[in-house]
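Trainee: Could we go through this structure together? I should like to discuss its helices and one loop residue.

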Amino acid sequence: MRTNYTSGGVVSRPEGSGRAIVVVLASCGLVASFMQTLVVPLIPVFPKLLHASPADASWVVTVTLLAAAVITPVSGRLGDLYGKRRMILISLAVLIAGSVVSATTSALAFQILGRGLQGCAMGVIPLGISIMRDELPPERVGGAISLMSATLGVGGAIGLPVAALVAENADWHVLFWTAAGLGLACALLILTVVPESSLRTPAPFDYFGAFGLAAGLLCLLLPVVKGGTWGWTSAPTLGLAALAVVILVGWGAYQLRRRDPLVDLRVSSRRPVLFTNLASIMVGFALYAMALSFPQLLQAPSSTGYGLGQTMVESGLTLAPNGLVMMLLSPVSARLITRFGPRPTLMSGALVIAVGYGFAIVLMDNALELITASVIIGAGVGIAYAAMPALIMGSVPVTETASANGLNALMRSVGTAVSSAVMAAMLAQLTISVGGLAVPSLGGFRATFAVAACAALAGVALAALVPKRKVAPVLVGVV
């Protein structure tokens, strides 16, 4: 038996229970992040499957990103107020409901609804990180957080080949039944293994603040994600962007006046939190650049002069090692945080990402070279993602860990959303003609890699602005 002092009281648990909590929460994180890439192999055939135009069918992917961005900070705050375990169970229930909706229909409207509900599961990851801080002994918290943070990239990386295999060999609805089964298994494990934290924030929930944040984020992210389709100077793009500024400025003023805000902007404006969140945007941008550009490069026909002509499954398997590296590096990340602190660790991770893209610019002639580049980038992402929660939780009150981690996860989502728009626009503009079709050029891919490397270096610079401080004992250690 061991004694746990981290939940505000003395709780005796079996020695193995802490490890079981970590494994269960990390598994839930993998399933939640898997939802982001669940339908990626189906993107080219969705217009035919859903009897819709390519622009309309793209909402099946876009809505998941938007739902994840909106729900993540809200679920974090609800976890602080009403229980983190309870909110994880609710998130998984919504995921299951969305999966069943998508599994039982081919209608576009219901597919969009189901995928939006699936996106709500992304709140599981910051909630799980906060439970680990509440429930685990200090010497295990750092490694557990590193592992949970790694699931953000690992789930998507592993999910690509798995989803491609199912899509090529079974009815595409099986993907959603599989997601529902995984969600149900996670919920049962949470009920069985994970205790509810005794830490609560005694305050009412800010419903108006949640509505304002959701409206502002939707107006901000919609033109970012859809601007390439609508036109960057079109009335919907410019109108929504202007409306987002108005709503978010008004929301910020309201949050500053409220005694119990949804997001404590005074805490969020502290240098450690602010610059960690800004660095998170850059790292999220760099991560998604790989997810968007590498598969296209691998699947491009060999007649382009640079493409490798791989199938969906082959390209997914080629990129799978970068997700495994993220997972394997989680204990290494924890040791780096223990030895050097989260700030240098975040800077090192972002620098490794830039090195990986530099490698890809120079060496991209065969699958082995691209695997090497993706592994280097994945290693950097794993190290950087592990350091972010440590920096955040060392700078906020213990009663606000879930909401603060949720806001940090939102910043990563903003980075991926901006990356998807920028990378797609660049690859659409820098093209060559092959067999009468316009495809991204070799120079276009190199340009996207260069932009991603610059984003990673910007992450290094922003992390350098985080004040130096000693690592809090509760944030270090290995699993």
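Mentor: What follows is a short discussion of selected features.
This is a predicted model, in which local features need pLDDT of at least 70, side-chain atom pairs count only at pLDDT 80 or more, and totals for chains, interfaces and linings use all residues. Residues are numbered from 1 along each chain as its sequence is written, and side-chain values use heavy atoms, with hydrogens and water left out.

Trainee: How far apart are the end C-alpha atoms of helix H17?
Mentor: They are 39 Å apart, which agrees with the 39 Å that its 27 residues (367-393) should span at 1.5 Å a residue. The expected span is 1.5 Å times one less than the number of residues, and helices are DSSP runs of H or I with at least four residues, numbered from the N terminus.

Trainee: How many residues of H17 are buried?
Mentor: Of the 27, 21 are buried, so H17 is largely enclosed by the rest of the structure. Buried means under 20% relative accessible area, exposed over 50%, and partly exposed in between (1.4 Å probe, protein chains only).

Trainee: Which residue caps its N-terminal end?
Mentor: Asparagine 366 does, with a side-chain oxygen 3.1 Å from the backbone nitrogen of leucine 368.

Trainee: Turning to the loop between H2 (46-50) and H3 (54-57), which residue is found there?
Mentor: Histidine 51 is found in that loop. Its phi is positive, about 55°, although histidine 51 is not a glycine. Most residues other than glycine have a negative phi.

Trainee: Is histidine 51 buried or exposed?
Mentor: Histidine 51 is exposed, at a relative accessible area of 73%.

Key:
Helices (H or I, at least four residues) and strands (E, at least two) are DSSP runs, numbered from the N terminus. A polar contact is a pair of N or O atoms within 3.5 Å; within protein, one must be able to donate a hydrogen and the other to accept it, and residues adjacent in sequence count only if both atoms are side-chain atoms.
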